[in-house]
Every structure is written in C-alpha cells, then in structure tokens.
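I opened the model to look up a few residues and one helix. My entries follow in the order I made them.

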Amino acid sequence: MPFIDQLRAAATQNNSMLCVGLDPEPSRFPAAMRGDASKIYDFCAAIVDATHDLVNSFKPQIAYFAAHRAEDQLEKLMAHMRRVAPQVPVILDAKRGDIGSTAEQYAKEAFERYGADAVTLSPFMGFDSITPYLKYEGKGAFLLCRTSNPGGDDLQAQTLADVPGQPQMFEHVARLAQGPWNTNGQLGLVVGATRPQEIERVRAVAPHLPLLIPGVGAQGGDAVATVKAARIGGGPIIINSSRAILYASSGDDFASAARAAAIQTRDLLNAVD
C-alpha cells in the first residue's frame with residue numbers, strides 16, 4: 001500500500017493524528033535499563049507495543065541509534081513494528097540531503113535496509129537531491145520546510161526577491177513540493193508546531209500535502225492552534241510527540257505511562273473544534 005494510503009488508513013483505524021517519535025536516550029531509561037545502550041531495542045519495542053493502536057505513524061530518529069552503534073537494533077525494531085503494527089507506517093527521521101550516487105545510497109538505506117515507509121529530507125540542494133527517493137514507488141518523502149528551532153529563521157524566513165511574489169523561502173519550498181517536484185504524489189512537508197501562523201501560510205500554498213509537525217509536547221507547541229492551522233485544506237496531519245511520551249515515567253511503569261500520555265495527547269488533538 002502506498003505510504004499516503006497507509007497513513008490515511010492508520011489515522012482512520014486508530015482515530016489519530018498522533019505520531020510517536022522514537023528518540024531513545026539510554027541516560028533517560030528506567031533504572032533497570034539506564035545507561036545501557038544495548039537496551040535501546042527493548043525500550044523502543046515496549047513503547048511501540050503500548051501505543052501502536054493510538055497512532056497514525058511512528059518516527060524513529062536515526063541519530064539516536066547510530067550514536068550508540070545501535071543500527072542493528074533499529075533494524076530489529078523496524079521488523080518488530082512490521083509484526084505488531086503492520087498497518088502503521090514508519091517515517092525514518094534522517095533529514096538526508098545530497099545528490100547523485102550518494103543520495104541513491106541514502107535512499108537505499110532508508111527503504112531497503114530499514115524498510116521505512118517514508119523519510120525526512122533536506123531540500124537545500126534542490127530537486128536532484130530528492131529524485132532518488134521518488135524512484136521508490138509508493139514511498140513518502142517529507143521535505144524540511146519551516147522548522148521549530150530558532151535558527152530556522154536564518155534561511156527559511158528569508159525573502160526570495162527573484163521569485164515571483166517574493167515569497168519567503170519556506171513558502172517557496174511548499175510551493176515546489178505541492179507542484180512541480182511532486183511528480184508521483186509522494187511528497188510531504190515538515191513544519192514546526194511552534195509557529196502555527198506559518199503552518200497556515202504553508203497550507204495556503206500546499207493545502208493537500210501531508211504535514212509532519214514536530215514540536216508538540218516537550219518543545220512547547222500549542223496543540224490546539226497547530227491542529228486548527230494544519231487542517232486547513234484537508235491534507236493529512238501527523239503531529240509528532242517524542243520525549244513527552246517516551247519519558248512520561250522513569251520507573252518500571254514507563255510503557256503504561258507512555259500509553260496514558262499518548263491517549264491524553266491523541267484525545268487533546270481530536271477534541272479541537
């Protein structure tokens with residue numbers, strides 16, 4: 001099933017806009033696991049088991065695995081998600097951005113080695129840095145557009161004087177992703193929850209694209225304002241929460257606490273008028 005159809009189906013089945021981000025930090029694990037990088041799979045698998053009926057996707061962040069030489073645990077986790085939640089798509093958060101044969105290798109890593117349904121990418125090097133991923137039929141690719149970090153202003157908020165209408169860079173990225181770059185309907189955009197007014201501006205340009213929205217939870221994004229802005233136009237909404245769910249408890253009840261936090265977040269998002 002193509003990523004976009006799988007996403008819509010999971011959102012309907014689980015009545016959810018919530019994505020759980022899998023960012024394992026061994027220093028924050030429960031006492032029995034704390035500081036032990038060999039337990040990354042065990043921790044993440046327990047979170048998946050506790051929340052897979054509450055989400056529309058999972059988003060493992062590859063750096064949290066690679067930093068601990070735990071890529072083999074990520075492969076094992078991807079296989080586990082396929083077994084216990086085959087209906088829930090997995091977005092590999094890698095933020096890759098390169099061209100030519102290097103991009104082809106990154107695409108192979110995401111879609112063949114790890115079996116991801118979608119991947120996050122930096123569009124800074126242009127369309128030819130995106131095309132190797134689009135050759136994988138049915139896979140999704142989310143382009144960084146308007147990120148939640150303060151430094152995002154350095155480039156994303158700059159006005160492009162040579163582009164008709166003089167949009168800001170993030171608006172131009174959204175327009176390209178909605179239009180000429182989206183050759184097979186595989187693209188989405190990453191926009192931060194900390195700037196809901198700019199989510200509205202993205203939606204004005206790209207009303208139908210899926211939006212992956214980090215920043216709700218520990219980063220302080222306004223969940224209500226985010227949902228109201230993101231649902232303009234009717235495109236799919238993926239609202240990510242990582243730390244607020246993963247580390248809802250530091251005790252042995254971490255999985256049940258994660259489930260409770262996921263339920264609370266999902267219901268908050270669904271309750272927005």
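Is C19 buried or exposed? I note first that the model is a predicted one. C19 has a relative accessibility of 0% and therefore counts as buried, the cut-off being under 20%.

Cysteines. I looked for disulfides and the count came to zero. C19 is in no disulfide, and the nearest cysteine sulfur to it, that of C44, lies 13 Å away. For C44 I found the reverse of this pairing: the nearest cysteine sulfur is that of C19, at 13 Å, and C44 is in no disulfide either. C44 is at 1% relative accessibility, so I entered it as buried.

K95. I checked the record next: UniProt lists K95 under "active site", in an unreviewed entry. I found K95 in strand β3, which covers residues 91-96. Its relative accessible area is 40%, so I put it down as partly exposed, between the cut-offs of 20% and 50%. I looked for side-chain partners and found a polar contact of 2.8 Å with the side chain of D93. Neighbours within four places in sequence aside, K95 is in contact with Q61, T120, L121, S122 and L144.

T120. Since T120 is among the contacts of K95, I turned to it. T120 sits in strand β4, residues 118-121. With 1% relative accessibility, T120 counts as buried. Which side chain does T120 join in a polar contact of 2.8 Å? It is the side chain of D93. I had already noted D93 as a polar partner of K95. The T120 side chain also reaches the backbone nitrogen of A94, at 2.9 Å. Leaving out residues up to four places away in sequence, I listed what T120 touches: I91, L92, D93, A94, K95 and R96, and also F142, V190 and L212.

Helix α4. I took this helix last. It runs over residues 71-84, 14 residues in number, and spans 20 Å from first C-alpha to last, close to the 20 Å expected at 1.5 Å a residue. I listed its buried residues as Q73, L74, L77, M78, H80 and M81. Why do the buried residues of α4 line one face of the helix? Seen down the axis, they fall within an arc of 160°, so one face holds them. An α-helix has 3.6 residues a turn, so residues three or four places apart point the same way. I then looked at what covers the buried residues of α4, and found among the elements β1 (18-22), α2 (40-51), β2 (57-60), α3 (62-66) and β3. Strand β3 is where I had placed K95.

Terms used: Residues are numbered from 1 along each chain as its sequence is written. This is a predicted model: local features need pLDDT of at least 70, side-chain atom pairs count only at pLDDT 80 or more; totals for chains, interfaces and linings use all residues. Side-chain values use heavy atoms; hydrogens and water are left out. Helices (H or I, at least four residues) and strands (E, at least two) are DSSP runs, numbered from the N terminus. Buried means under 20% relative accessible area, exposed over 50%, partly exposed in between (1.4 Å probe, protein chains only). A polar contact is a pair of N or O atoms within 3.5 Å; within protein, one must be able to donate a hydrogen and the other to accept it, and residues adjacent in sequence count only if both atoms are side-chain atoms. Contact means heavy atoms within 4.5 Å. UniProt positions are given in the numbering used here, feature names are shortened, and annotations may be inferred rather than shown by experiment. A disulfide is a pair of cysteine sulfur atoms within 2.5 Å. The expected span of a helix is 1.5 Å times one less than its number of residues. The arc is that of the directions from the helix axis to the C-beta atoms.
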